[in-house]
Amino acid sequence: MPVHRRLKSRSPPLVTAKRLLEEAYDGIAAWKRGWIDSAPTAWHPLLDPNSPPPGFQLPRKLWVTLNRVRTGHGRCGANLTKWGFSTNPACDCGASLQTTEHITFDCPSRTFGGTREDFLRATPEAVLWLEQLDVRL
């Protein structure tokens, strides 16, 4: 019967586990720090676990749309095409690619007159724009 030889691990799991226990490593706290550190600075007020983010009190439909604009991941032509629900990624304004960014800041028929910060803060102007938006993100 052939002998199977394995390379010696440079970082055996048991050694790593012992070191983490000795250091009283808190994986959840480390994950939270990394998550917050990787978020754009403008998002930090949204990440406070002790208070609801701006706009949290909005009706669910508006809350969902607000967060889709905040993240840039909505049901726009580009994403619907990417997901296989549409064959046309173009905007009805004539732009070749309809993205959430395009709808919010570039589309001649829908452009929001404020800034991205308005959505992060859920200003009355941003909420009104979301209510009047003629596409469902």
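Helices here are DSSP runs of H or I with at least four residues, numbered from the N terminus. The exercises below concern a predicted model.

**Exercise 1. Overall architecture and extent**

Describe the secondary structure of the protein chain and decide whether the chain is a compact globule or more spread out.

Solution.
Step 1. The protein chain contains seven helices and zero strands.
Step 2. Along the sequence, the pattern reads α-α-α-α-α-α-α. For 137 residues the globule rule gives 14 Å, whereas the radius of gyration of the protein chain is 23 Å, well over that value, so the chain is more spread out than a compact globule.
Step 3. Along the principal axes, the C-alpha atoms occupy a box of roughly 70 × 45 × 25 Å.
Step 4. Of contacts between residues at least 6 apart in sequence, 40% connect residues at least 24 apart.

**Exercise 2. Surface, burial and charge**

State what share of the protein chain is buried, and describe its exposed surface and its charged side chains.

Solution.
Step 1. Of the 137 residues in the protein chain, 27% are buried.
Step 2. The exposed area of the protein chain is about 10,200 Å², and carbon and sulfur atoms account for 58% of that area.
Step 3. There are 18 positive and 13 negative side chains in the protein chain, with 14 Å between the centres of the two sets.

**Exercise 3. Confidence of the prediction**

Determine which element of the protein chain has the lowest mean pLDDT and which has the highest.

Solution.
Step 1. Over the protein chain the mean pLDDT is 90, and 99% of the residues reach 70 or more.
Step 2. Among the elements, the lowest mean pLDDT, 86, belongs to helix H2 (residues 27-38), and the highest, 97, to helix H7 (residues 124-132).
Step 3. In general, predicted coordinates should not be read in detail where pLDDT is low.

**Exercise 4. Two alanines with positive phi**

Locate Ala24 and Ala122, and classify each as buried or exposed.

Solution.
Step 1. Ala24 is not a glycine, yet its phi is positive, about 55°. Ala122 is likewise not a glycine and has a positive phi of about 55°.
Step 2. The loop between helix H1 (13-22) and H2 holds Ala24. Ala122 belongs to the loop between helix H6 (116-121) and H7.
Step 3. Ala24 has 63% relative accessibility and therefore counts as exposed. Ala122 has 15% relative accessibility and therefore counts as buried.
Step 4. The helix that Ala24 follows is H1. H1 is hardly covered, with zero buried residues among its 10 residues.

**Exercise 5. The surroundings of Thr100 and Gly74**

Identify the elements that hold Thr100 and Gly74, then compare their separation in sequence with their separation in space.

Solution.
Step 1. Thr100 is part of helix H5 (residues 100-106), and Gly74 is part of the loop between H3 and H4.
Step 2. Buried means under 20% relative accessible area. Thr100, at 2% relative accessibility, therefore counts as buried. Gly74 has a relative accessible area of 2% and is therefore also buried.
Step 3. In sequence, Gly74 and Thr100 are 26 residues apart; in space, their C-alpha atoms are 6.1 Å apart.
Step 4. Neighbours within four places in sequence are set aside for the contacts. Thr100 then touches Arg68, Val69, Gly72, His73, Gly74, Cys76 and Leu137. On the same basis, Gly74 is in contact with Arg68, Asn79, Trp83, Thr100 and Leu137.
Step 5. Another pair involving Thr100 can be set beside this one: Thr100 and Pro54 are 46 residues apart along the chain, with 20 Å between their C-alpha atoms.

**Exercise 6. Two asparagines in helices**

Place Asn67 and Asn79 in their helices, and classify the accessibility of each.

Solution.
Step 1. Asn67 belongs to helix H3 (residues 60-71), and Asn79 to helix H4 (residues 77-82).
Step 2. The class between buried and exposed is called partly exposed, with limits at 20% and 50% relative accessible area. Asn67 has a relative accessible area of 23% and is therefore partly exposed. Asn79 has 12% relative accessibility and therefore counts as buried.
Step 3. Not counting residues up to four places away in sequence, Asn79 is in contact with Gly72, His73 and Gly74.
Step 4. Asn67 lies 58 residues from Ser9 along the chain, and 44 Å separates their C-alpha atoms.

Methods
Residues numbered from 1 in each chain as written. Predicted model: local features only at pLDDT ≥ 70, side-chain atom pairs only at ≥ 80, totals over all residues. Heavy atoms only, no water. Rg over C-alpha atoms; globule rule 2.2 N^0.38 Å. Buried < 20%, exposed > 50% of the residue type's maximum accessible area, 1.4 Å probe, protein only. Contact = heavy atoms within 4.5 Å. Areas by Shrake-Rupley, 256 points an atom, 1.4 Å probe, with all protein chains shown as cover. Lys, Arg positive; Asp, Glu negative; His and termini not counted. Charge placed at Lys NZ, Arg CZ, Asp CG, Glu CD. pLDDT = per-residue confidence, 0-100.
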